[in-house]
Amino acid sequence: MSAVLSVEAYSLDYRLRQGTARVLDGVNITIGRGEVVGLVGESGSGKSSLAWAIMRHLPRNAVEAGGALRLGGLDLRGLDAAGVQAVRGRRIGMVFQDPSTALNPTLRLGEQVMEVLIRHRGLTRPEARDAAEAALTEVELRDPAALMRRYPHEASGGEKQRVVIATAFATQPELILFDEPTTALDVITGARILELFARLREHTGVAALYISHDLGLVSRVADRVSVLRRGRIVEEGTPAQVFRAPAHDYTRGLVAAVPRPERRLVADAPGSATVLAADALSVRYGRRRLFRPPPPPATEAVTLAVREGEILGVVGESGSGKSSLARGLTGLASFGGAVQAAGRRLDRPGAMDRAYRRAVQIVFQHPDSSLNPRMRIGEILSRPLRLHGGATTEIPALLEQVRLPPDYARKYPHQLSGGEKQRVAIARAFAARPSIVICDEITASLDVSVQAQVIELLLALRRQHGTAYLFITHDLNLIRQIAHRIAVMQRGRLVDLREAAAIDAPDAHPYTRALIAASPTPVG
Amino acid sequence: MSAGWLIRRLLLVVYTVLVVSVLVFAITQVLPADAAVTLLGENATPEALAAVRDRLGLNDPVWLQYWRWLTHAVAGDFGLSMRTGQPVAPMMLVALSRSLLLALLSILLMLAIAVPLGLWAALRQGRAADLLTGLVSYIGVSVPEFVTATVLLMLLADWLQWLPATGYVPPSEDLWDSLAHLALPVITVSVIMVAHVSRMVRSETIDVLHSDYIRAARLKGLPERAVLLHHTLRNALLPVITIVALDVGYLLGGIIVVEEIFAIPGIGRQLIVAITARDLPAIQAGALIMAMTYAIVSTLADIAYALLDRRIRYD
């Protein structure tokens with residue numbers, strides 16, 4: 001079998017102020033004709049660096065420390081600038097993680113497909129227009145001619161990613177690099193993109209390197225999988241081999257960290273008293289204007305109640321109103337309807353007093369933007385302590401609760417890893433001794449293994465304090481492991497609310513069933 | 001951009017000009033200048049002064065005077081100059097046209113220098129060329145305009161004798177001579193404006209070059225020229241539109257010194273003459289015309305921005 005791409009004993013260093021750091025160490029990967037190889041690794045494993053090396057787009061401080069990169073018989077490392085331009089987009093296509101940033105916001109979508117055809121296939125503009133339209137038809141876009149005239153902000157995320165894929169396939173390259181192509185999309189859109197990829201692969205027989213941190217997903221698309229850890233390939237084989245019988249400890253840990261709905265992590269039952277309830281809660285953004293219909297509400301008449309010590313999951317795709325529900329419940333957004341807590345009915349954010357704010361805490365998705373970068377961790381934690389009648393002497397104990405060493409109190413957020421920062425955010429929420437913590441996609445930006453640790457921490461804190469959680473997520477598999485009940489939201493409305501065990505029951509809402517179908521089934 | 005927005009934006013221009021008109025009128029009211037005294041001189045008899053005041057309506061309530069002035073102004077009649085006895089509106093509009101010609105040429109020259117300079121500095125970010133262009137353009141903006149003007153005058157007019165030193169020739173009379181006379185002031189003003197615009201182009205270009213879509217364009221195998229001209233420049237230049245619109249304000253009111261040195265009878269210079277002569281109608285007309293021009297240019301900039309970046313949705 002002749003290889004389309006072979007990476008042979010390839011090593012790469014980055015020159016840093018503190019010396020050189022090895023990011024890739026003797027990496028070997030071979031992709032045969034029509035083969036899809038999955039490259040799995042957590043953030044910092046070097047998986048993106050390998051993609052940049054293959055595309056010959058390395059940062060200035062990168063030093064190649066040996067090995068070969070071959071495309072067919074072509075030595076990629078030996079190419080000059082003109083040679084590189086002839087390979088990029090022509091022989092190797094690339095699909096990027098986030099289609100909304102990978103497309104130029106001020107150029108029409110059609111233009112961005114056509115320029116590749118003009119450049120690499122030597123077409124005239126009218127020819128390129130026809131070819132681009134054909135390429136967009138190929139990726140199953142409705143009315144491609146109209147779409148070509150639109151700008152990126154006028155298309156949905158799924159449509160944009162299809163345009164990016166069409167651009168990559170339009171020059172009929174031998175190899176396509178996929179860099180987390182579904183991570184920025186919601187579950188159902190991502191699943192459709194994967195289906196499209198499978199069909200395109202069948203038509204074109206293209207070879208691909210599929211880079212992802214998501215094991216479940218890679219196992220569905222790849223013929224072979226390589227697991228990358230700190231620049232080294234620690235394991236490779238077919239998805240079945242790698243995931244069912246992982247040989248390396250690291251892979252075993254990764255496989256164990258993948259959420260599986262059938263493996264419940266919570267066995268107890270919640271109490272019967274209600275700690276927090278939304279009563280026909282609506283959240284609406286934008287000013288009401290004269291002579292103009294009001295904008296549709298982000299969250300419309302949602303009624304649900306969280307019981308003592310309960311974990312209530314809220315799932316739905318992006319834009320379904322999950323976060324707006326959290327903003328309403330915490331009084332960060334003005335709302336219609338009412339919030340009920342501790343037997344009181346609150347009909348506006350102003351009615352939420354200190355007792356309410358102490359009892360209802362929130363942890364946000366991005367610790368980077370929710371922790372003040374100019375405050376030390378100790379300061380960040382002392383605020384809620386002082387406000388809610390605690391003492392700053394509790395800080396070491398608080399840090400220990402979230403399994404951080406006490407000397408972290410003197411550090412700044414930027415000195416911590418993503419997982420550690422999220423632990424600080426959790427500690428801040430627990431500093432107020434809340435009866436319920438709203439978790440808004442708190443693991444979405446974390447690696448699978450870190451996510452598993454954060455979840456474990458949340459469950460331990462709950463055992464200790466009896467705290468209830470309103471856990472907002474797009475990851476159905478994860479929430480099925482921990483939630484007592486799951487609420488499903490679609491376009492601002494609550495469409496389903498049922499026991500976690502009955503989420504796949506035949507009487508579930510069609511949208512709930514679609515979400516389950518779109519959630520990647522973990523292997524093994 | 002909707003038609004509704006456009007109409008509201010134009011109404012905003014009208015509103016701005018109205019507010020300015022009140023201010024202008026109020027300021028000229030508190031000035032220690034009596035129109036009657038200005039007209040008749042210091043030695044006029046009280047009876048004659050009273051008669052003139054009566055004729056000019058100076059004894060009427062202020063709001064009535066304002067209303068009379070505004071309604072006439074809307075029809076293009078700002079009254080007669082107290083200095084020359086001529087209608088002030090045509091005088092000020094002619095001066096404005098000279099200033100606008102100077103402004104337009106200066107902006108064109110400035111852009112022709114600043115955009116390539118900023119782009120070049122961005123591509124050599126952190127290297128000697130970048131630091132040097134930064135230094136030179138900061139010198140350009142820090143040196144007072146009369147120094148720049150004098151140095152250029154000595155160099156190009158006095159020493160090399162390439163260009164006429166001062167004066168203004170209308171383009172309709174002799175185009176080349178007109179341009180030759182405008183060259184020195186245009187160069188002076190451009191040197192001052194190049195600094196901030198080139199720095200702006202530089203920082204915007206650096207931002208855009210680091211964006212994902214530029215990386216995507218490069219990884220599509222597009223040649224560097226296309227990446228720069230087609231993908232980068234358009235996005236990097238958008239904020240420059242706003243800056244240039246602000247510069248028009250500076251060019252209309254702030255370059256009196258330059259107009260004075262090169263003896264260009266622009267609107268700034270006319271306004272100074274009017275103020276020294278306590279020529280109230282001329283002051284009012286000049287100030288209001290400048291405000292109106294500025295409001296219109298800002299609106300045009302907003303429209304251009306919306307046309308070039310379709311993400312901006314005015315509604």
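This is a chat about a predicted model, covering chain A and its contact with chain B.

User: Before we start, what are the ground rules here?
Analyst: It's a predicted model, where local features need pLDDT of at least 70, side-chain atom pairs count only at pLDDT 80 or more, and totals for chains, interfaces and linings use all residues. Residues are numbered from 1 along each chain as its sequence is written, while chains are lettered from A and ligands numbered from 1 in the order in which they are written.

User: Cool. How many helices and strands are in chain A?
Analyst: Chain A has 20 helices and 21 strands, counted as DSSP runs numbered from the N terminus (helices are H or I, at least four residues; strands are E, at least two).

User: And why call it as compact as a globular protein of that length?
Analyst: Because the radius of gyration of chain A is 25 Å, close to the 24 Å that the globule rule gives for 524 residues. The radius is taken over C-alpha atoms, and the rule is 2.2 Å times the number of residues to the power 0.38.

User: What about domains?
Analyst: Chain A gets domain 1 (105–163) and domain 2 (275–518), with bounds from an automatic or database domain assignment. Their centres, over C-alpha atoms, are 40 Å apart.

User: Switching to β5(A): which residues sit on its covered face?
Analyst: L69(A) and L71(A) do, while A68(A) and R70(A) are on the uncovered face of this strand, residues 68–71. In a regular strand the side chains alternate between the two faces of the sheet.

User: What does β5(A) pair with?
Analyst: One partner is β1 (residues 3–16) of chain A, antiparallel over four bridges; pairing takes at least two bridges found by DSSP. There, V7(A) is opposite L69(A). β5(A) also runs antiparallel to β6 (residues 74–75) of chain A, with two bridges, and L71(A) has L74(A) as its bridge partner.

User: Which residue in that hairpin takes a positive phi?
Analyst: G72(A), near 60°, in the hairpin of β5(A) and β6(A), which has two residues between the strands.

User: Last topic, the contact with chain B. How many residues from each chain?
Analyst: Chain A gives 23 residues and chain B gives 19 residues, with contact meaning C-beta atoms, placed from the backbone, within 7 Å. On chain A's side, α2 (81–87), α3 (99–102) and α4 (109–121) each give two or more residues, and α4(A) gives the most, with four residues.

User: What classes are they?
Analyst: Chain A's side has nine nonpolar, nine polar and five charged residues. Nonpolar here is Ala, Val, Leu, Ile, Met, Phe, Trp, Tyr, Cys and Pro; charged is Asp, Glu, Lys and Arg; the others, Gly among them, are polar.

Key: A residue is buried if 20 or more other C-beta atoms lie within 10 Å of its own, exposed if 12 or fewer, and partly exposed in between; C-beta atoms are placed from the backbone. Two residues are in contact if their C-beta atoms, placed from the backbone, lie within 7 Å.
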